[in-house]
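Welcome! Here is a friendly walk through some side-chain geometry, in questions and answers.

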There are 2 protein chains.
Amino acid sequence: MKSGNRPLMNRRKLVSALALLPAAGAILARAAQAQVTPSEPLASWNDGPAKQAILDFVRAITDRASPKFVPPEDRVATFDQDGTLWVEHPIYTQVVYCLDRVPAVVADNPKLKNAEPFKTVLSGDREAIARLPLRQLEEILAATLTGMSVDEFEAQAGKWLATAKHPRWNRLYTDLTYQPMLEVLQYFRDNAIKTYIVTGGGQDFVRVYAQQVYGIPPEQVVGTMGGTKFGYGKDGKPFLTKEPKLLLNDNNAGKPEGIHLMIGRRPHAAFGNSPGDRQMLEYTGAGDGARLMMLVLHDDAQREYAYGPAQGLPNTKVGTFPQSLFDEAKKNGWTVISMKSDWKRIFKFEPA
Amino acid sequence: MKSGNRPLMNRRKLVSALALLPAAGAILARAAQAQVTPSEPLASWNDGPAKQAILDFVRAITDRASPKFVPPEDRVATFDQDGTLWVEHPIYTQVVYCLDRVPAVVADNPKLKNAEPFKTVLSGDREAIARLPLRQLEEILAATLTGMSVDEFEAQAGKWLATAKHPRWNRLYTDLTYQPMLEVLQYFRDNAIKTYIVTGGGQDFVRVYAQQVYGIPPEQVVGTMGGTKFGYGKDGKPFLTKEPKLLLNDNNAGKPEGIHLMIGRRPHAAFGNSPGDRQMLEYTGAGDGARLMMLVLHDDAQREYAYGPAQGLPNTKVGTFPQSLFDEAKKNGWTVISMKSDWKRIFKFEPA
């Protein structure tokens with residue numbers, strides 16, 4: 001700030017002046033704290049249209065002089081998780097959890113040991129496991145994600161997340177979040193944009209680590225939702241049991257439906273990476289004013305994975321990015337993020 | 001603030017000093033705004049055990065020296081609506097809305113005119129309407145609360161709320177909120193306690209006015225939840241249609257289930273007024289540390305209504321307060337709020 005020719009007050013006078021103002025001390029302490037945040041947002045992003053789209057969007061909705069200004073309390077952004085905030089290959093982390101959990105389920109209920117699909121999972125034969133039909137995979141999900149109390153589930157999943165490691169990097173799954181996306185979450189929150197996860201993954205599963213890993217509290221995690229059942233323990237204390245009852249499959253059309261159910265308003269920004277996110281981006285884009293829709297393209301086999309089949313990238317069964325999605329993005333003005341060229345680094349543990 | 005013998009800086013100097021601090025102007029503006037809040041919390045409450053319980057609870061969870069301190073970001077309070085935050089007699093406001101909406105539904109679909117239960121509702125015969133069986137009442141709810149887009153519903157309900165009046169007071173239903181409870185909501189928020197509505201009423205209905213009337217945003221309204229269906233209009237724009245599909249009946253056991261679904265954590269405080277709130281209060285009370293459970297007893301026929309049948313009050317069909325609930329409150333240390341003796345005034349429009 002240029003001070004011109006006016007004499008600057010010395011620090012002591014300044015402090016005395018501030019003492020006259022109620023609560024000024026606390027306010028200053030908070031301001032000082034806020035300044036600890038690194039001043040450059042999106043430090044892991046290369047300059048380019050993707051980074052620029054984010055900066056332009058935030059400027060448009062936060063600048064009171066902008067015709068697209070949005071009051072702070074109304075600002076909402078939604079983020080898919082698998083493949084958008086963290087690694088989804090070779091298979092979704094929650095599916096690994098469910099498979100890893102099978103031995104404990106069988107130990108509690110030994111008659112499952114020789115019954116399918118549990119027998120195949122216990123065999124450890126990856127190819128046989130990969131061939132399990134959807135109906136049998138759902139049986140595994142039901143046996144490992146339901147039937148216990150909400151608190152027991154949280155303890156089980158929390159324990160697994162604290163130790164299980166991704167085979168490629170030999171690191172905790174929660175270390176495999178994308179650093180540039182963590183910076184978007186932080187940058188949005190610094191600008192009073194409320195950040196939500198909107199995932200096809202289980203709502204309760206993601207809630208176990210979302211606060212610690214993403215800074216996103218449980219009430220801002222929208223996911224595939226199962227019912228719970230209220231009851232009383234032997235001690236008379238009430239508790240909730242996770243039921244094998246699907247309330248909402250938070251994929252495809254389920255994403256805007258889940259957003260309405262849990263948030264009750266249309267997001268201003270939405271991030272995804274696969275056709276399961278298409279309707280969420282369409283719904284977001286149908287609102288007035290400034291809207292930001294972005295899709296992460298996995299085109300970096302060296303640092304992460306490369307899959308499409310858009311742009312001639314190899315096809316995949318997990319988190320595909322078909323050419324039709326690429327075309328819709330182009331048509332609708334959605335921004336495709338190239339992991340290879342838009343991101344300086346992908347993980348926090350990489351050298352900066 | 002006493003300035004003692006120190007010379008006061010003049011206003012101009014003070015302003016210059018503040019200009020040196022980044023964002024100080026905005027911070028001060030906010031501080032000045034905050035001071036508009038009256039300094040005495042719970043002004044419409046008489047001194048007594050109910051008011052004291054609220055003050056003690058807030059002190060326990062906000063005092064960093066207290067063993068029951070709760071970090072600001074974890075503080076959650078849930079409030080039933082009908083009979084707890086606003087008048088529920090002689091019938092629930094949302095039911096009045098649905099009945100009032102029938103002529104418009106019939107105008108859109110004239111063949112309903114002579115079909116039951118629409119014919120009875122159109123007759124205006126209150127006694128016949130009151131005798132409609134539950135199944136037929138549900139038909140009215142389905143016809144008036146579903147089938148339209150989320151935006152259309154919001155417009156329809158908003159229009160009604162802006163004009164429809166309660167027969168006893170000849171005032172808007174949204175004027176019939178309890179001033180002492182509005183003060184609790186504000187006092188909680190001033191102490192960083194996040195306030196949620198957890199109502200048996202329709203989630204989308206309550207969201208229409210919750211921000212304006214209670215200062216509670218849509219994502220903090222938990223209610224009876226219906227499904228929506230994502231689709232595209234003739235213009236290709238996506239929108240959500242309200243479906244006659246019940247996801248969760250947010251009453252009784254449904255309240256803690258709805259709290260887990262939407263909030264994902266146990267409240268520290270819960271307010272209700274009828275057996276539909278029992279499980280919510282039990283679930284809240286089963287947590288560690290300081291917990292506040294309160295029930296509003298309608299015992300003031302002169303200023304509002306009186307109904308029990310607890311404590312010999314007349315029985316009712318809407319929002320009953322049975323003696324068994326009164327006994328459970330006593331046993332569990334829940335506080336019963338007497339509208340008659342704990343509240344100085346009930347409505348804002350009463351003379352203070």
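A salt bridge here is a side-chain nitrogen of Lys or Arg within 4 Å of a carboxyl oxygen of Asp or Glu. This is a predicted model, where local features need pLDDT of at least 70 and side-chain atom pairs count only at pLDDT 80 or more, while totals for chains, interfaces and linings use all residues. Residues are numbered from 1 along each chain as its sequence is written, chains are lettered from A and ligands numbered from 1 in the order in which they are written, and side-chain values use heavy atoms, with hydrogens and water left out.

Q: Which residue forms a salt bridge with B:D47?
A: Side chains of opposite charge can pair when their charged atoms come close. B:D47 is exposed, at 71% relative accessible area, and its partner is buried, at 7% (buried means under 20% relative accessible area, exposed over 50%, partly exposed in between, with a 1.4 Å probe and protein chains only). The closest N and O atoms are 3.2 Å apart, and the partner is B:K51.

Q: How many residues apart are A:D56 and A:R59 in helix α3 of chain A?
A: Their side chains meet in a salt bridge, at 3.4 Å from N to O. Helices (H or I, at least four residues) and strands (E, at least two) are DSSP runs, numbered from the N terminus. Both residues lie in helix α3 (residues 49-62) of chain A, separated by about one helical turn, because their spacing is 3 residues.

Q: Which residue of chain B meets A:K194 in a salt bridge?
A: A:K194 lies in strand β4 (residues 194-202) of chain A and its partner in the loop between α10 (203-214) and β5 (221-232) of chain B, so the pair joins two chains. A:K194 is partly exposed at 21% relative accessibility, whereas the partner is buried at 7%. The N to O distance is 2.8 Å, and the partner is B:E219.

Q: Are the planes of A:W169 and A:Y305 stacked or edge-to-face?
A: Rings of Phe, Tyr and Trp (its six-membered ring) pair if their centres lie within 6.5 Å; planes under 30 degrees apart count as stacked, over 60 as edge-to-face and the rest as tilted. By this rule there are 38 aromatic pairs over all chains. The centres of these two rings are 5.9 Å apart and their planes are at 90°, so the pair is edge-to-face.

Q: How many residues apart are A:W169 and A:Y305?
A: Both residues are buried. A:W169 is in the loop between β2 (165-166) and β3 (171-172) of chain A, and A:Y305 is in the loop between β8 (292-297) and α13 (323-332) of that chain. The pair links distant parts of the chain, with a separation of 136 residues.

Q: Which residue of chain B does A:M225 touch?
A: A:M225 sits in strand β5 (residues 221-232) of chain A and is buried, with a relative accessible area of 2%. Contact means heavy atoms within 4.5 Å. Not counting residues up to four places away in sequence, A:M225 touches residues including A:Q203, A:K245 and A:M262, and from chain B it touches B:L261.

Q: How many of the 8 residues of helix α12 of chain A are buried?
A: Helix α12 (residues 278-285) of chain A is mostly covered. Among its buried residues are A:M280, A:L281 and A:Y283. The count of buried residues in this helix is 6.
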